[in-house]
Amino acid sequence: MSFEFKILRWILMLSGCFLMSAFLTVLLPVKTMQSMHAWLGLGEFPVAPITDYLARSTSLLYGVHGSILFYTGLTIQHHWRFIPLLGWLHIVIGIAILMIDLTAPMPTYWILMEGGPIAAVGVLILFLFRRGSLAELNLDAASEPTNHA
């Protein structure tokens, strides 16, 4: 396995662990969500069934996304064809979230910490995949026996 694939494996697994931490927030009491919302400078948390549903289902989706990233990193050799799709999806989602954050409008620190970094991880995934694939091809070519007939 090339150096690039090893780095890519760690990026996928660490990103996955970070996102899987969202599973912990699914069971937060509404009062805790209200406190965190205020602490983040987002104003008063709107208490309604839809906000409770969206907060919890979004946390579940982030956790599932993290599980997919972690598993893909763990089994990178078996899922290497899936990795470019992950990279492109991160770029598209990062740009879409950036647009949502800007139009919402979210605080500057939120905008800087969400969409751009997600897209940047996508670019990094694609870069490392491409470099790693080329390195793997070169390693495979170097290990093939030559026929001097």
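**Exercise 1.** With which residue does Arg-56 form a salt bridge, and how far apart are the closest N and O atoms?

*Solution.* The model is predicted, so local features need pLDDT of at least 70 and side-chain atom pairs count only at pLDDT 80 or more, while totals for chains, interfaces and linings use all residues. Residues are numbered from 1 along each chain as its sequence is written, and side-chain values use heavy atoms, with hydrogens and water left out.

Step 1. A salt bridge is a side-chain nitrogen of Lys or Arg within 4 Å of a carboxyl oxygen of Asp or Glu.

Step 2. The partner of Arg-56 is Asp-52, with the closest N and O atoms 2.6 Å apart.

Step 3. Arg-56 and Asp-52 are separated by about one helical turn, because they stand 4 residues apart in helix α3. Helices are DSSP runs (H or I, at least four residues), numbered from the N terminus.

Step 4. Asp-52 counts as partly exposed, because its relative accessibility is 26%. The classes are buried (under 20% relative accessible area), exposed (over 50%) and partly exposed (in between), with a 1.4 Å probe and protein chains only.

**Exercise 2.** State which parts of the chain are tied together by the salt bridge of Arg-131 and Glu-4.

*Solution.* Step 1. A search of the whole structure yields 2 salt bridges. In one of them, the side chains of Arg-131 and Glu-4 meet at 3.5 Å, N to O.

Step 2. Arg-131 belongs to helix α6 and Glu-4 to helix α1 (residues 3–20), so the bridge ties together parts 127 residues apart in sequence.

Step 3. Arg-131 is partly exposed at 41% relative accessibility, whereas Glu-4 is buried at 14%.

**Exercise 3.** Classify the aromatic pair of Trp-80 and Phe-129.

*Solution.* Step 1. Rings of Phe, Tyr and Trp (its six-membered ring) pair if their centres lie within 6.5 Å; planes under 30 degrees apart count as stacked, over 60 as edge-to-face and the rest as tilted.

Step 2. The whole structure contains 3 aromatic pairs. For Trp-80 and Phe-129, the centres are 6.2 Å apart and the planes stand at 15 degrees, so the pair is stacked.

Step 3. This pair links distant parts of the chain, with Trp-80 in the loop between α3 and α4 and Phe-129 in helix α6, 49 residues apart.

Step 4. Trp-80 is partly exposed at 38% relative accessibility, while Phe-129 is buried at 12%. Together with Phe-5, these two residues form one aromatic cluster.

**Exercise 4.** Is Gly-73 buried or exposed, and which residues does Gly-73 touch?

*Solution.* Step 1. Gly-73 lies in helix α3. With a relative accessible area of 0%, Gly-73 is buried.

Step 2. Contact requires heavy atoms within 4.5 Å. Not counting residues up to four places away in sequence, Gly-73 touches Arg-9, Leu-12 and Met-13.

Step 3. Thr-72, also placed in helix α3, is buried with a relative accessible area of 3%. Outside residues up to four places away in sequence, the contacts of Thr-72 include Leu-12 and His-79.

**Exercise 5.** In which helix is confidence lowest, and in which is confidence highest?

*Solution.* Step 1. The predictor's confidence in each residue is pLDDT, from 0 to 100.

Step 2. The chain has a mean pLDDT of 91, and 89% of its residues reach 70 or more.

Step 3. Confidence is lowest in helix α6 (residues 115–143), at a mean of 81, and highest in α4, at 97.

Key: Helix = DSSP H or I, 4+ residues; strand = E, 2+ residues; numbered from the N terminus.
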